[in-house]
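Biologist: Pick one part of this model and take me through it slowly, residue by residue. Once that part is clear, show me what the rest of the chain looks like.

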Amino acid sequence: MEDEILSIIKERGSVFQNELWKTLGIDCRKCSRIVARLLRKGMIERELVKTNGTRTYLIKMADKKNVEVMGDFDYSVLLSNNSLAPCAGCNEECEPEFCNSLTEWIHELLR
Ligand code: SF4
């Protein structure tokens, strides 16, 4: 399935995650897990975008220059009172304004 996803991205140049799972005929959670694996391997990158009023990710093949930049990333900005930001590692397609995990984490930041 990973190869199939990579082949779709290479063929199209980029793909919306909320279209990808439909194209593959799998459910969105399974698609999210596979995409997360490819992200961890540094093979793809994605950005949060809004399309047709829905937030989703635009997935592209990884730019090796960006992977090198991430090596210098200061991960402490993802911590609040030793609690990791819920978005770090989250594989859900989301609408941040309605996410309880993110809301609770922001409230913790404000305390
Ligand atoms: S806002 Fe919520 S659903 Fe979206 S990435 Fe963050 S934790 Fe995940």
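Modeller: Let's start at Leu102, which counts as partly exposed because it has 17 C-beta neighbours inside 10 Å. Being buried would take 20 or more, and being exposed would take 12 or fewer, so a count between those limits gets the middle label. Bear in mind as we go that this is a predicted model.

Leu102 sits in helix H5, which covers residues 100–110. If you ignore its neighbours within four places in sequence, Leu102 is in contact with Pro86, Cys87 and Pro96. Take Cys87: it is 15 residues from Leu102 in sequence, and the two C-alpha atoms are 7.2 Å apart in space.

Those contacts are worth remembering when you look at the ligand. Leu102 is one of the residues surrounding the ligand, and Pro86, Cys87 and Pro96 are in that shell too. The rest of the shell is Cys90, Glu92, Cys94, Cys99 and Ser101. What is the split of these residues into nonpolar, polar and charged? Seven are nonpolar, one is polar and one is charged. The cysteines and prolines go into the nonpolar group under the classes used here, so that is where much of this tally comes from. Glu is classed as charged and Ser falls among the polar residues.

Just before this stretch in sequence is Leu84, in strand S5 (residues 83–84). Leu84 is exposed, with 12 other C-beta atoms within 10 Å. That label applies because the exposed class takes in counts of 12 or fewer. Leaving out residues up to four places away in sequence, Leu84 touches Leu78 and Leu79. You can also relate Leu84 to Trp105: they are 21 residues apart in sequence, with 8.5 Å between their C-alpha atoms.

Now for a link to an earlier part of the chain. Ala36 and Asn91 are 55 residues apart along the chain, yet their C-alpha atoms are separated by 6.4 Å. Ala36 is found in helix H3, and it is partly exposed, with 13 other C-beta atoms within 10 Å. Helix H3 itself takes in residues 28–40, 13 residues in total. From first C-alpha to last it reaches 18 Å, close to the 18 Å expected at 1.5 Å a residue. After H3 comes Gly42, with a positive phi near 75°.

From there, move on to the sheet. Strand S2 (residues 44–51) and strand S3 (residues 54–61) pair in the antiparallel sense over eight bridges. You can follow the pairing through a few facing residues: Ile44 stands opposite Met61 in S3, Leu48 is opposite Tyr57, and Lys50 is opposite Arg55. In a regular strand, side chains alternate between the two faces of the sheet.

S2 and S3 make a hairpin, with two residues between them. One to look at here is Asn52, which lies in the loop between the two strands. Its phi is near 50°, a positive value in a residue other than glycine. For background, most residues other than glycine have a negative phi. Asn52 also counts as exposed, with 7 C-beta neighbours inside 10 Å.

The third strand is S1, which pairs with S3 in the antiparallel sense over two bridges. There, the bridge partner of Phe16 is Leu58 in S3. Put together, you have an open sheet of three strands in the order S1-S3-S2, with antiparallel pairing. Strand S1 (15–16) and S2 stand at the edges with a single partner strand each, so one side of each has no neighbour in the sheet. Helix H1 (residues 2–12) lies across S1, S2 and S3, and it runs at about 85° to S3.

Zooming out, the protein chain has five helices and five strands. Read along the sequence, they follow the pattern α-β-α-α-β-β-α-β-β-α. Of the 111 residues in the protein chain, 12% are buried. As for contacts between residues at least 6 apart in sequence, 49% join residues at least 24 apart.

Notes. Residues numbered from 1 in each chain as written. Predicted model: local features only at pLDDT ≥ 70, side-chain atom pairs only at ≥ 80, totals over all residues. Near = placed C-beta within 6 Å. Helix = DSSP H or I, 4+ residues; strand = E, 2+ residues; numbered from the N terminus. Expected span 1.5 Å × (residues − 1). Pairing = 2+ DSSP bridges. Contact = placed C-beta atoms within 7 Å. Axes fitted to C-alpha atoms, helices over the stretch in contact; angles between N-to-C directions.
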